[in-house]
Amino acid sequence: MLIKPPSDIRSSEITPKPMYLNRRAFIRAAAVAAGAAATGCAGIDALVESGQPAPHRRKLEDVRKSPLSTDEKPNTWDQITTYNNYYEFGTRKNQPSQLAHTLQTEPWTVAVEGECNKKAVYHLEDVLKGQTLEDRIYRHRCVEGWSMVIPWVGFSLSDFIKKCEPTSKAKYVEFTTLYDLKQMPAARYGGLEWPYLEGLRMDEAMHPLTILAVGLYGEVLPNQNGAPIRLHVPWKYGFKSIKSIVKVKFVERQPYNTWQKQTPEEYGFYSNVNPTVDHPRWSQAAEQRLPSFYKNMKTLMFNGYGDQVASMYAGMDLRKNY
C-alpha cells in the first residue's frame, strides 16, 4: 500500500487506465455530438460512447430529509448514472449504463445467515417493511481518485441488523452480491473472483452513517447503481459499498473481501479514505470531483466524516490497517 512508483512523473498525475479510456471516449463523444449538431444528425454514437443515463423509475414514497446529509451540491442524475464501477457489467465506467439493463431486480431476496437468531431468506418487501426511508446526500470517493456527491435514498443498516438479532459471536458482517452470468455476461471478463464479497466490523455496520440504499434522487435505484439494494459507507472508498446484495452473513472472523483477495498490497479490509496513505500507483492526497477532468480538491480524512467516525479507530495504525 505504501510503495510508490519509481518514476519522474508525480504519482498524483498518473491516471488509472479505465479512467483514461473513459475520458477519451467522452472526448470522442463530444466531437461526435458537435458534428451531429452541425449536420442535423441524431448523434446516437455520442450517447453510446459517453454512457446512457438511467431511465427514470418509480418515485419512492414517504422519504424524509436526513440531518446527516452534506450541504454540498449533488452531482446530476446523468453524471451519477453514466459513470460507474460495476465490474459485473464491464470494467469501463460507461459500460454499466449500457449493459445493466439485463439485471432482473424483481422479485429479489436477501438471505440472512451466520451468527444470528433470525436466519431467513427475506423478500425485499420484508427487508423494507417498517423502515424509515431518508434522503441521504453523501460524499462518494473512489480509490481511483474520483468523487461525487450522491443523493441516496436509504435506511440505517443498524435497523436491519437489529431485526436479524445477531448473537454475541457476531463481530463482523459479510455481504455478498448477485452473481449470475445469464444476467451479467460481462462478469466473465471482469478479472475478479466472483461473487463479489465485502465486510464491515460490527461497530462500523451499526454506525448511523452506514446505510442500505434503495433509491437515488427520490426514485427506485437504477440498475447500474446497484439495484435494488446496496450498501453505502461514506467514509470508506467506494469499493466497500457493495451493490445488488443477495446475502448478509454475521461472522466471528474478519471477512476476506474481493479486492483484498485480488491485490492485498493495494486494497485492505478497512479502506478508510486517507489522504496520507498513497495507493502504490498514485497519490490519494487530491481527488477529481466529477465532472472535472482534473484532481481539483484536497482529499479529506475519512472523506470529511472524521468528527463522526474517527473514534472507532482510536489507537489503530491506519497506515497498516488500510
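This tour proceeds through a predicted model, from its pockets and cavities to individual residues of the backbone.

**First stop: the largest pocket**

Please select Asn85, Tyr87, Glu144, Phe239 and Trp259. Among the 36 residues that line the largest pocket, these lie nearest its centre. The volume of this pocket is about 620 Å³.

Next, colour α1 (17-39) and β5 (146-156), each of which supplies at least two residues of the lining. The largest share comes from β5, with four residues. If the lining is then coloured by residue class, 20 nonpolar, nine polar and seven charged residues should appear.

**Second stop: a cavity**

The model holds two cavities of 30 Å³ or more. To find the second largest cavity, select Val110, Val127, Phe160, Leu212, Ile229, Ile245 and Val248, which line it. The space inside the second largest cavity comes to about 40 Å³. Which classes of residue form its lining? Seven nonpolar residues do so, with no polar and no charged residues in the lining.

**Third stop: two cis peptide bonds**

Move now to the loop between β9 (219-220) and β10 (230-232), where Pro228 lies. Display the backbone from Ala227 to Pro228: the peptide bond there is cis, and its omega is near -5°.

A further cis peptide bond runs from Leu290 to Pro291, with omega near 15°. To reach Pro291, follow the chain into the loop that joins β12 (286-289) to β13 (297-298).

**Fourth stop: two residues with positive phi**

Select Tyr217, in the loop between β8 (211-216) and β9. The phi angle of Tyr217 is near 50°, a positive value in a residue other than glycine. Is Tyr217 buried, partly exposed or exposed? Its relative accessibility is 33%, and partly exposed covers the range between 20% and 50%, so Tyr217 counts as partly exposed.

The last selection is Asn303, which is placed in the loop between β13 and α9 (306-309). Here too phi is positive in a residue other than glycine, with a value near 60°. Is Asn303 buried or exposed? Asn303 has a relative accessible area of 3%, and the limit for a buried residue is under 20%, so Asn303 is buried.

Terms used:
Residues numbered from 1 in each chain as written. Predicted model: local features only at pLDDT ≥ 70, side-chain atom pairs only at ≥ 80, totals over all residues. Heavy atoms only, no water. 1 Å grid on protein atoms, 1.4 Å probe; cavity = no way out; pocket = protein on both sides within 12 Å on 5 of 7 lines; lining within 4 Å. Points joined across faces, edges and corners; volume = space filled by probe spheres on them. Nonpolar A, V, L, I, M, F, W, Y, C, P; charged D, E, K, R; others polar. Buried < 20%, exposed > 50% of the residue type's maximum accessible area, 1.4 Å probe, protein only.
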